[in-house]
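Visitor: I'm new to this one. Could you walk me through how to read it?

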Amino acid sequence: MIYFDNSATTAAAPEVLKTYQTVSEDFFGNPSSLHAIGNKADNLLTQSRKQIASLMNVKPDEIYFTSGGTEGDNWVVKGTAIEKHQFGKHLITTEIEHPAIKNSMAQLEKLGFEVTYLPVDKRGFINPADLKAAIRSDTILVSIMAVNNEIGSIQPIKEAATILEDYPNIHYHVDAVQSIGKGLEALLQTPRIDFLTFSAHKFHGPRGTGFIYAKKGRMIAPLLTGGGQESNWRSGTENLPAIAGMAKALRLLLTNETAKVAQQRAIKEKIYQHVKQLPKVTLFSEDGQDFAPHILCFGIEGVRGETVVHAFEDHDIYLSTTSACASKTGAISGTLAAMHVPEKIATSAVRVSLDENNTMAEADAFIQAFDQIYHRFEIINS
C-alpha cells in the first residue's frame with residue numbers, strides 16, 4: 001500500500017500511540033483536580049506545553065491546546081471579532097483559505113462584519129499590494145494561510161508582515177496546518193505574526209487535538225467557556241493523552257527535518273518531471289521553492305478527479321481530489337476556482353501529498369501505475 005494523502009491526515013506514529021496509551025493508563029486524573037493524581041496529570045500537561053513551546057521557539061504561556069485546525073481557525077477569527085468589534089468590523093482574508101476560515105468569515109458577514117477576500121493570480125498567490133490596498137481604519141484581522149492545502153503555494157507571509165508593521169493594532173493570523181515540519185519554521189517565526197494554527201493529525205499525532213500560538217499581549221475572546229482551563233481561554237477538560245502524544249509527534253517530526261524535507265521534495269520533483277511531459281496532463285502545482293515540498297496537484301484532461309483517485313486505488317495507491325474537506329461532496333476546488341481554472345479542467349484535479357515516510361521506490365511505483373492509467377484513459381477518450 002502506498003499512501004499519498006498525507007495532507008488529508010497522517011497515520012499516528014507508533015511512538016505516539018505508545019505515549020497515548022501510557023498516559024491514558026498512568027495519568028488518568030483530571031489536571032484541574034487538587035489531589036495527587038490530578039497534580040500528576042497537571043504536571044504532564046505543563047511538561048507537554050513546555051516541550052511544544054520549546055520546539056516552536058516561543059513561550060509556554062503562548063501555547064493553547066485545541067481540538068485541531070478547524071477549532072483553531074474558528075477561534076482566532078471569531079475570537080478576534082468578539083474581542084475587537086468595538087474597534088472595527090472589517091476583516092481581510094484570501095480566496096484560497098481552508099473552509100474553516102472562509103466559512104467563519106461568511107458567518108461573521110451575516111452578523112454585520114465586512115470581509116475583503118484577496119484574489120490570487122493564476123499560480124495561486126496573493127499580491128501583497130492588494131493587502132495593503134485593502135486595509136482600512138476599521139480592519140481588525142488579517143488571516144492568510146502559509147501553505148495552500150490544495151496546490152501547495154507558499155503565500156508571501158513575510159511580505160504581509162512587513163506591511164502590517166505599520167498597523168500594530170490589526171491581528172495577524174496564519175493558518176500553519178500544512179506547513180509544520182516542511183522546512184518553513186523561519187517563516188512561521190516571523191515576529192509580526194500574532195496567531196498560528198496547528199493540527200496534530202497532520203504530523204502523525206492523535207486526531208482531535210491541536211494547538212494555537214497566541215503572541216503574548218494579544219487577546220481573543222474564548223469560544224468555549226466553562227471550567228476556565230487554558231488560562232480561561234479555552235474551557236473543557238484537557239485531552240491529556242492526545243496532548244502528550246502531540247508533543248511527542250512534534251518532537252519526532254522536527255528531528256532531522258532538513259533531510260526529511262529534501263526527501264519529500266525529491267519525490268515530488270520526480271513525479272512532477274514525469275507527468276509534465278504528457279500532453280493531456282495539467283499541472284496546478286510547481287516544483288520551485290515557492291511551493292511546498294509535499295504537495296503536487298495535477299489533472300488528466302477529460303477525466304474527473306474522483307475517477308483517477310479510484311483508478312489509483314486499484315493499484316493500492318491512495319491520493320485525493322484536492323481538499324479532503326470537499327472530496328466527498330464533489331465540490332470544485334475553491335483554490336482552482338480562485339485561480340480562474342475552467343471548471344472542466346478543475347474537476348480533473350487530484351492531489352498527491354507526501355510525508356517523511358514516503359520513498360523513491362513508492363514514486364517509481366506511482367509513475368508505473370500512472371502510465372498505465374494515463375494510457376487507458378487516453379484510449380477511452382480518443
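**Helices and a sheet**

Guide: Start with a pair of helices: helix 10 and helix 14 cross in a right-handed way. Keep in mind that this is a predicted model.

Visitor: At what angle do helix 10 and helix 14 pack?

Guide: About 125 degrees, and their axes are 10 Å apart. Angles from 65 to 115 degrees count as roughly perpendicular and those over 145 as roughly antiparallel, with the rest in between called oblique. That is why helix 10 (residues 305-313) and helix 14 (residues 360-380) are described as oblique to each other.

Visitor: Which residues make the contact?

Guide: Helix 10 brings Thr307, Ala311 and Phe312, while helix 14 brings Phe366, Ala369, Phe370, Ile373, Arg376 and Phe377. Sorted by character, the residues of this contact are seven nonpolar, one polar and one charged.

Visitor: Now the sheet. In what order do the strands run?

Guide: Read across the open sheet and you get 2-8-7-6-5-3-4, seven strands with mixed pairing. Strand 2 (63-66) and strand 4 (114-118) are the edges: each has a single partner strand, so one side of each has no neighbour in the sheet. On average, neighbouring strands are turned by 20 degrees against each other, ignoring direction.

Visitor: How many bridges link strand 7 and strand 8?

Guide: Five, and strand 7 (residues 195-199) and strand 8 (residues 210-214) pair in the antiparallel sense. One bridge to look for joins phenylalanine 198 to phenylalanine 211 in strand 8.

Visitor: Which strands does helix 2 touch?

Guide: Helix 2 (residues 36-56) packs on the sheet against strand 2, strand 7 and strand 8, and its direction makes about 115 degrees with that of strand 2.

Methods: Residues are numbered from 1 along each chain as its sequence is written. This is a predicted model: local features need pLDDT of at least 70, side-chain atom pairs count only at pLDDT 80 or more; totals for chains, interfaces and linings use all residues. Side-chain values use heavy atoms; hydrogens and water are left out. Axes are lines fitted to C-alpha atoms, for helices over the stretch in contact, and angles run from 0 to 180 degrees between N-to-C directions. Helices (H or I, at least four residues) and strands (E, at least two) are DSSP runs, numbered from the N terminus. Angles under 35 degrees count as roughly parallel, over 145 as roughly antiparallel, 65 to 115 as roughly perpendicular and the rest as oblique. A crossing is left-handed if the near helix is turned anticlockwise from the far one by less than a right angle, and right-handed if clockwise. Contact means heavy atoms within 4.5 Å. Ala, Val, Leu, Ile, Met, Phe, Trp, Tyr, Cys and Pro count as nonpolar, Asp, Glu, Lys and Arg as charged, and the others, Gly among them, as polar. Two strands pair if DSSP finds at least two bridges between them.
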